[in-house]
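Here is a friendly walk through one protein chain, written for someone who likes to check geometry for themselves. Please keep the viewer open while you read.

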Amino acid sequence: GHADEVFVLETHPFDCRIMLSAGHDGNIFIWDITKGTKTKHYFNMIEGQGHGAVFDCKFSPDGQHFACTDSHGHLLIFGFGCSRPYEKIPDQMFFHTDYRPLIRDSNNYVLDEQTQQAPHLMPPPFLVDVDGNPHPTKYQRLVPGRENCADEHLIPQLGYVATSDGEVVEQVIGQQTVDQDEAGLEPSILDGMIRQLQLEQDQRTGADQESAPSGPQNGEGTPRRG
């Protein structure tokens, strides 16, 4: 039934006759494997963009629903009942950390390349659309760990970051408050202190390198620890 790669094969939680398959061709099939027939078929066509490759699908524990996610950040929910509870979410959902490159440290542990932190220790990510634009604050509260945050802590700070191929793209790099954003101030006091300390350390390092051949005179000029 598929015309491209298939990475999803899911069995029904308790009905051994039913299996689901989905793939990069945008097709989702429900199969009756005892008869070898297709019971239901859905084609994930996105208006103006062609089909959306389906990356993952899962049945609910009660077998009444199944959910799929596609290459455009859409959450597709099929099953019985009312769709109203799901209408509160935006059409396109990505975390701003999706597709960020990872590296390994000297102990072979995985780190986020940009922040040099272990991914599971990073703060909760922001929700963005397919183009990387952050969603409004009411959607950011849907992210686990941000449910009770104040509005000012749910506004991402955007910045330009160089990718591994050298391309410069705009990405969410932190968070800022509304007042600070309008005033053009530092995203946070802590960020400002970190930048100032780094600047002072760079200046001291530069001065130390210039005076290194002759060494400090009378104990003066010894760089302080940051």
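The report below goes through sheets, core, salt bridges, backbone angles and surface.

## The four-stranded sheet

Keep in mind that this is a predicted model. One of its sheets is open and has four strands in the order E1-E2-E3-E4, paired antiparallel. At the edges are E1 and strand E4 (37-43), each of which pairs on one side only. From one strand to the next, the twist averages 20°.

Inside this sheet, E2 and E3 run antiparallel and are joined by five bridges. If you want a spot to zoom in on, try Leu20, which stands opposite Ile30 in E3. As a reminder, strands of a sheet pair through backbone hydrogen bonds, either parallel or antiparallel.

## The three-stranded sheet

Another open sheet has three strands, ordered E7-E8-E9, again with antiparallel pairing. E7 and E9 stand at its edges with a single partner strand each, so one side of each has no neighbour in the sheet. Here the twist averages 20° from one strand to the next.

Strand E8 (residues 65-70) pairs with E9 in the antiparallel sense, over five bridges. Within that pairing, Ala67 has Ile77 of E9 as its bridge partner. Ile77 will come up again in the section on the surface.

## The nonpolar core

Which residues make up the largest nonpolar core? There are 11 of them: Val8, Leu20, Ala22, Ile28, Ile30, Val54, Cys57, Phe59, Phe66, Cys68 and Leu76. Strand E2 (18-23), strand E3 (27-32), E7 and E8 are the elements that give two or more residues to this core. The largest share comes from E7, with three residues.

The core also links back to the sheets. Leu20 and Ile30, both on the core list, are the residues that stand opposite each other across E2 and E3.

## Salt bridges

Side chains of opposite charge can pair when their charged atoms come close. How many salt bridges does the model hold? The count comes to three.

One of them joins Lys58 and Glu10, whose closest N and O atoms are 3.0 Å apart. Lys58 lies in strand E7 (residues 54-59) and Glu10 in strand E1 (residues 6-11), so this pair ties together parts that are 48 residues apart in sequence. The two ends differ in exposure: Lys58 counts as partly exposed because its relative accessibility is 47%, while Glu10 counts as buried because its value is 17%, and the cut-off for buried is under 20%.

Asp15 and Arg17 also meet through their side chains in a salt bridge, at 2.9 Å from N to O. Asp15 is buried, with a relative accessible area of 17%, whereas Arg17 is partly exposed at 43%. Then there is Arg100, which forms a salt bridge with Asp112, with the closest N and O atoms 2.9 Å apart. Arg100 sits in the loop between E10 and E11 and Asp112 in strand E12, so the pair ties together parts that are 12 residues apart in sequence. Are these two partners buried or exposed? Both Arg100 and Asp112 are buried.

## Backbone angles in the loops

Most residues other than glycine have a negative phi, and most peptide bonds are trans. Against that background, Asn108 is worth a look: its phi is positive, about 70°, although it is not a glycine. Asn108 is in the loop between strand E11 (102-104) and strand E12 (110-112).

Gln116 is another residue other than glycine with a positive phi, near 60°. You will find Gln116 in the loop between E12 and strand E13 (127-128). Its relative accessible area is 48%, so Gln116 is partly exposed.

## A nonpolar patch on the surface

On the surface, Leu75, Ile77 and Tyr86 form a nonpolar patch, with about 230 Å² of accessible area together. Tyr86 belongs to the loop between strand E9 (75-79) and strand E10 (94-95). With a relative accessible area of 39%, Tyr86 is partly exposed.

Ile77 connects this patch to the three-stranded sheet, since Ile77 is part of the patch and is also the bridge partner of Ala67.

Note on methods. Residues numbered from 1 in each chain as written. Predicted model: local features only at pLDDT ≥ 70, side-chain atom pairs only at ≥ 80, totals over all residues. Heavy atoms only, no water. Patch = residues over 30% accessible without salt bridge, like charges linked within 9 Å, V, L, I, M, F, W, Y side chains within 5 Å. Areas by Shrake-Rupley, 256 points an atom, 1.4 Å probe, with all protein chains shown as cover. Salt bridge = Lys/Arg side-chain N within 4 Å of Asp/Glu carboxyl O. Buried < 20%, exposed > 50% of the residue type's maximum accessible area, 1.4 Å probe, protein only. Pairing = 2+ DSSP bridges. Axes fitted to C-alpha atoms, helices over the stretch in contact; angles between N-to-C directions. Core = buried A, V, L, I, M, F, W, Y, C linked by side-chain atoms within 4.5 Å.
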